[in-house]
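Here are some short exercises to work through with the structure open beside you. Try each task before you read its solution.

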Amino acid sequence: MFKFFILLSSFSFYFIAKANQVVTYTDSTDILNIGSKILIYEDTSNNLSAIDVLKKDNFIISNQETPNLGITSSTFWIKLNVRNLSSKNDMFLHFGDKLKR
């Protein structure tokens, strides 16, 4: 079983310059597939804190619409760049269950 952690910071998010992918949310946006617009860091030690991970500069840009992280005991940290152009202040991130039939 693996764990996901999302690094979020109030209304603005921390970004890596080389990851020019931006998830844009507008009032007409319903559901977005953000898989190919995220940065992934694998923590094989399972001991890093959010502070430790924020200092890392070797996140990998996902190249898949639905990232497959495989079967591992690692912890995966995810960064994403969100531009909120909607009138809403609250947004939700939902991980869908691809195993549903």
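**Exercise 1: a threonine in a strand**

Task: Place threonine 75 in its element, then decide whether threonine 75 is buried or exposed.

Solution: Start with the element: threonine 75 is found in strand S5 (helices, H or I, of at least four residues and strands, E, of at least two are DSSP runs, numbered from the N terminus). Next, take the accessibility: threonine 75 counts as buried because its relative accessibility is 3% (buried is under 20% relative accessible area, exposed over 50%, partly exposed in between, with a 1.4 Å probe and protein chains only). Last, look at the side chain, which a polar contact of 2.6 Å joins to that of asparagine 46 (a pair of N or O atoms within 3.5 Å; within protein, one must be able to donate a hydrogen and the other to accept it, and residues adjacent in sequence count only if both atoms are side-chain atoms).

A word on the model: it is predicted, so local features need pLDDT of at least 70 and side-chain atom pairs pLDDT 80 or more, while totals for chains, interfaces and linings use all residues. Residues are numbered from 1 along each chain as its sequence is written, and side-chain values use heavy atoms, leaving out hydrogens and water.

**Exercise 2: a serine in a loop**

Task: Find which side chain a polar contact of 2.9 Å joins to that of serine 36.

Solution: First go to the loop between strand S2 (23-25) and S3, where serine 36 is found. Serine 36 is buried, at 18% relative accessible area. The partner in the polar contact is glutamate 65.
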